[in-house]
Amino acid sequence: PPVSPGCPAPLPASSRCAGEGDGRRRVALAAVALLLLTACQPKPAPPAAPAPAAGPARAKVKVTVYSPHGREMLEPFEKRFEAAHPDVDVEWLDMGSQEVLDRLRAERANPACDIWWGAPHTMFAKAARDGLLAPYKPTWAGHLAAGRRDATDLWYGQYLTPSVIVYNSQALKPEQAPQDWDDLLKPAWKDKILIRDPLGSGTMRTWIAAMLQRAKTLDDGWQWLLQLDANTKSYPANPSLLHLGLTKRQGLVSVWALRDVEIQKRVNKYPLAYVIPRSGCPVVTDAIALVKSGPHPEPAKLFYEFVTSAEQLQWAGEQFDCMPARDDIDPAGLPARMPIKVPEIKLDWDRIDKEGDAWMTHWDQQIKGRGKAR
């Protein structure tokens with residue numbers, strides 16, 4: 001038989017010893033040959049070492065966002081950010097601007113939120129005074145007008161949001177809708193107007209303040225709001241109820257943020273359209289800020305820079321009609337349907353800051369539901 005290299009050759013079977021023990025010798029020689037052949041057979045390979053056990057998957061870092069931007073906008077931005085930063089997990093809570101401020105105040109001793117994304121800058125100014133925000137100067141800070149940011153970097157404006165007249169586009173033609181604020185007081189709109197409850201909405205608080213400031217006197221402003229209340233059918237508690245109410249024709253006309261109208265049209269296919277009032281719109285600077293002592297400041301900064309980058313501002317313009325507050329965004333990268341400039345009602349923001357809460361208390365106690373009783 002073949003022999004493995006290096007093994008001694010077996011004794012030939014033809015070897016013979018004369019004499020009486022020749023048979024026994026043959027047996028002994030055969031046994032020796034068998035042992036030699038067995039010892040020289042190739043040895044089996046040792047068993048492979050077990051693969052090392054995989055370690056635990058690396059935990060993602062979480063960033064928590066409080067925002068009034070709505071699910072339609074928050075979900076797509078969550079996916080875009082996580083695709084760019086797969087080691088960060090975004091969690092968001094959708095709530096009204098006033099609700100965000102109230103919650104941050106309640107959580108002051110143990111903040112659960114990392115970043116506040118979206119609300120009128122007047123709300124951020126209050127949070128800054130209350131010591132709820134952390135300073136952060138974004139990389140693009142030089143491209144924002146002084147009035148659109150906090151002097152100590154506690155908040156920065158991101159979007160410009162005009163409030164406009166909104167209507168059901170299936171029930172009304174464009175020329176049939178109210179064309180200016182005073183048109184809302186006409187008898188034709190009695191019980192056809194829905195107004196988002198201003199107490200929980202920064203957008204509507206600013207709009208109430210604008211209606212007061214555009215009047216000749218404060219008393220004239222309150223009389224105007226009483227007449228609007230007489231035509232108002234209900235005050236939906238949140239934007240979703242407002243949109244559904246208009247879509248189901250519980251009311252035909254409302255007041256709301258321009259960009260949100262476009263979101264509802266595109267995402268939810270709601271039959272909504274808007275009119276930019278001839279006399280001008282209150283334009284809110286929609287801001288962003290880090291929360292003081294937020295549990296995850298570094299991923300919060302990543303999120304801040306991501307959503308405010310030029311690329312994402314242009315994407316938000318196309319998808320959600322968000323008008324950038326920065327002055328370095330090329331209009332060619334924004335949708336043609338977006339108004340480049342709207343007539344703006346000039347507001348005394350310092351006065352709104354000082355008297356706004358008292359105005360809302362007066363509205364709630366002396367205006368809401370009292371116009372119909374006159």
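These legends go through several close-up views of a predicted protein model.

The model is predicted, so local features need pLDDT of at least 70 and side-chain atom pairs count only at pLDDT 80 or more, while totals for chains, interfaces and linings use all residues. Residues are numbered from 1 along each chain as its sequence is written, and side-chain values use heavy atoms, with hydrogens and water left out.

**View 1. The whole protein chain, with 11 helices and 11 strands.**
Helices (H or I, at least four residues) and strands (E, at least two) are DSSP runs numbered from the N terminus. Of the 374 residues in the protein chain, 48% are buried; here buried means under 20% relative accessible area, exposed over 50%, and partly exposed in between (1.4 Å probe, protein chains only). The accessible surface comes to about 18700 Å², and carbon and sulfur atoms hold 55% of that. These areas come from the Shrake-Rupley method with a 1.4 Å probe, and for residues only the protein chains shown count as cover. Among contacts with a separation of 6 or more, 75% link residues 24 or more positions apart, where contact means heavy atoms within 4.5 Å.

**View 2. Helix 2 against helix 9.**
Two packed helices are described by the angle between their axes and the distance between the axes. For helix 2 (residues 71-84) and helix 9 (residues 297-307), the axes come within 11 Å and cross at roughly 115°. Axes are lines fitted to C-alpha atoms, for helices over the stretch in contact, and angles run from 0 to 180 degrees between N-to-C directions. The two helices are therefore roughly perpendicular to each other; angles under 35 degrees count as roughly parallel, over 145 as roughly antiparallel, 65 to 115 as roughly perpendicular and the rest as oblique. Helix 2 passes helix 9 in a right-handed crossing (left-handed if the near helix is turned anticlockwise from the far one by less than a right angle, right-handed if clockwise). Look for Phe77, Arg80, Phe81 and Ala84 of helix 2, which meet Pro299, Leu302, Phe303, Phe306 and Val307 of helix 9. By class, this contact has 8 nonpolar, no polar and 1 charged residues. Ala, Val, Leu, Ile, Met, Phe, Trp, Tyr, Cys and Pro count as nonpolar, Asp, Glu, Lys and Arg as charged, and the others, Gly among them, as polar.

**View 3. Helix 3 beside helix 4.**
Here the axes of helix 3 (residues 97-106) and helix 4 (residues 121-129) come within 10 Å, crossing at roughly 10°. That makes helix 3 roughly parallel to helix 4. On the helix 3 side, Ser97, Gln98, Leu101 and Arg105 meet Met123, Lys126 and Ala127 from helix 4. The contact divides into 3 nonpolar, 2 polar and 2 charged residues.

**View 4. Helix 8 packed on helix 10.**
The axes of helix 8 (residues 258-267) and helix 10 (residues 310-320) are 8 Å apart, at an angle of about 65°. Arg259, Ile263 and Arg266 in helix 8 touch Glu318, Gln319 and Phe320 in helix 10. This contact counts 2 nonpolar, 1 polar and 3 charged residues.

**View 5. Leu228 and Gln223, two residues of helix 6.**
Helix 6 spans residues 218-231. Leu228 is buried, at 4% relative accessible area, whereas Gln223 is partly exposed at 37%. Leaving aside neighbours within four places in sequence, Leu228 is in contact with Leu184, Leu185, Ile193, Ile195 and Trp207. The C-alpha atoms of Leu228 and Lys372 are separated by 9.4 Å, although the two are 144 residues apart along the chain. For Gln223 and Gly371, the C-alpha atoms are 9.0 Å apart, with their positions 148 residues apart in sequence.

**View 6. Gln179 in the loop between strand 5 and strand 6.**
This loop runs between strand 5 (156-168) and strand 6 (193-194). Gln179 counts as partly exposed, at 25% relative accessibility. Not counting residues up to four places away, Gln179 touches Ile165, Pro174, Val275, Ile276, Pro277 and Arg278. Gln179 and Ile276 are 97 residues apart along the chain, and their C-alpha atoms are separated by 7.4 Å.

**View 7. Asp153 and Lys269, each with a positive phi.**
Most residues other than glycine have a negative phi. Asp153 has a phi near 70°, and Lys269 has one of about 60°. Asp153 sits in the loop between strand 4 (133-134) and strand 5 and is buried at 17% relative accessible area. Lys269 lies in the loop between helix 8 and strand 9 (272-275) and is exposed at 64%.
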